[in-house]
Amino acid sequence: MEFGLLVDGVKKAGRSYLDNIVAYLVGIVLFFIIAGIAYFIGFGGDFWAVYEAFVNGEFGLSLLIMIVTTVIGFLLISPLTYSLYYMAIKGTRSSDVKIGDLFYAFKSGKAYVRSLIYTLVYAIIIAVVTALVALVSDFVGYVIAFASESVGILIGGLLYIILMLLVEIFFFFTIYIYVMRPDEGFFYALKESISVGKSNIVMVLLTIIISWILSILIITIPLGYIFGAYMLKELNPMLKDMSGMESEV
């Protein structure tokens, strides 16, 4: 197992991050400011309106407010997230990353629509998969609980964690591939991500862990994303990086 790839990936990601540190720092700060505003407008700002409507028995109104505010967050945060990954991938090409790249998906109609499609489809699939994993884990724990309740709860919980970790391994590179291949759809990206995960389970797991560690601070989140992009290119060198070319395909 070539653990040297991980070390090399961290070094390369660090260099890319430092070479474009102003763009990455300002970009991630702006992301959280905008996301915070969207959250406040979409959820925090209307919390009491929803609560009042609910208390007064106006369930239709409270549901409408929740739907509208959720859509606001969806329309703003999805393209920003897409753009953050675009910035990370762009940095791996030794390209000059700019602050304005944070708004890339807003500048490209195709990228904007793709960001919404990704968020929607991914959320649905993850919700279904998570529910299935929970059902399997609960069933196994329930069966074992007949012999020992505490052991059943423990085994069920551990099984849930293990299965969700496998899901993360197979799904991890989906967003990277989706951004890198604007000529392909969500399920192509998911299929390729699963393929990389199946062929490199341990390496992908370590990539995820290191990416999480690198992203532990808000200002280093781009570093974790860049590292993930580097590792994808190492684990699947045949994957063509066409990120940022939505208008040309």
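Ala, Val, Leu, Ile, Met, Phe, Trp, Tyr, Cys and Pro count as nonpolar, Asp, Glu, Lys and Arg as charged, and the others, Gly among them, as polar. The exercises below use these classes on a predicted model.

**Exercise 1. Describe the lining of the largest pocket by residue class and by helix.**

Step 1. Start with the volume. The largest pocket has about 420 Å³.

Step 2. Count the lining. There are 19 lining residues. Thr81, Tyr85, Tyr118, Tyr122 and Ile175 are the ones nearest the pocket centre.

Step 3. Sort the lining by class. It splits into 12 nonpolar residues, six polar and one charged.

Step 4. Trace the lining to its helices. Two or more residues each come from α4 (59-92), α6 (109-145), α7 (149-171), α8 (174-180) and α10 (201-214). Helix α6 gives the largest share, with five residues.

**Exercise 2. State the overall make-up of the protein, from its elements to its surface.**

Step 1. List the elements. The protein has 11 helices and zero strands. Read from the N terminus, the order is α-α-α-α-α-α-α-α-α-α-α.

Step 2. Look at burial. Of the 249 residues, 41% are buried.

Step 3. Look at contacts along the chain. Take those with a separation of 6 or more: 72% of them join residues 24 or more positions apart.

Step 4. Look at the surface. About 13100 Å² is exposed, and carbon and sulfur atoms supply 74% of that area.

**Exercise 3. Compare the record's transmembrane regions with the helix content of the model at residues 116-145 and 151-179.**

Step 1. Read the record. An unreviewed UniProt entry places the feature "transmembrane region" at residues 21-41, 61-85, 116-145, 151-179 and 200-232.

Step 2. Take residues 116-145. The model has 100% helix and 0% strand here. The C-alpha atoms at the two ends are 42 Å apart.

Step 3. Take residues 151-179. This span is 93% helix and 0% strand. Its end C-alpha atoms lie 43 Å apart.

**Exercise 4. Decide whether Ala229 and Leu235 are buried or exposed, and find what each one contacts.**

Step 1. Place both residues. Ala229 sits in helix α11 (residues 221-235). Leu235 is in helix α11 as well.

Step 2. Apply the cut-off. Buried means under 20% relative accessible area. Ala229 has a relative accessible area of 0%, so Ala229 is buried. Leu235 has 16% relative accessibility, so Leu235 counts as buried too.

Step 3. Find the contacts of Ala229. Neighbours within four places in sequence are left aside. Ala229 then contacts Ile89, Thr92 and Tyr176.

Step 4. Check one distance for Ala229. Tyr86 is 143 residues away from Ala229 in sequence. In space, their C-alpha atoms are 9.7 Å apart.

Step 5. Repeat for Leu235. With neighbours within four places again set aside, Leu235 contacts Phe173, Val196, Asn200, Met203 and Val204. Leu235 and Val204 are 31 residues apart in sequence, and their C-alpha atoms are 8.8 Å apart.

**Exercise 5. Give the exposure class of Ile144 and Thr130, then name their contacts.**

Step 1. Place both residues. Ile144 is part of helix α6. Thr130 is also in helix α6.

Step 2. Recall the middle class. Partly exposed lies between buried, under 20%, and exposed, over 50%.

Step 3. Assign the class. The relative accessible area of Ile144 is 26%, so Ile144 is partly exposed. Thr130 has 22%, so Thr130 is partly exposed.

Step 4. Name the contacts of Ile144. Residues up to four places away in sequence do not count. Ile144 touches Val151, Gly152 and Ile155. Gly156 is 12 residues from Ile144 in sequence, with 8.6 Å between their C-alpha atoms.

Step 5. Name the contacts of Thr130. Beyond its neighbours within four places, Thr130 contacts Tyr160 and Met164. Thr130 and Tyr160 are 30 residues apart along the chain, and 9.0 Å separates their C-alpha atoms.

Notes. Residues numbered from 1 in each chain as written. Predicted model: local features only at pLDDT ≥ 70, side-chain atom pairs only at ≥ 80, totals over all residues. Heavy atoms only, no water. 1 Å grid on protein atoms, 1.4 Å probe; cavity = no way out; pocket = protein on both sides within 12 Å on 5 of 7 lines; lining within 4 Å. Points joined across faces, edges and corners; volume = space filled by probe spheres on them. Helix = DSSP H or I, 4+ residues; strand = E, 2+ residues; numbered from the N terminus. Buried < 20%, exposed > 50% of the residue type's maximum accessible area, 1.4 Å probe, protein only. Contact = heavy atoms within 4.5 Å. Areas by Shrake-Rupley, 256 points an atom, 1.4 Å probe, with all protein chains shown as cover. UniProt positions renumbered as here; feature names shortened; annotations may be inferred.
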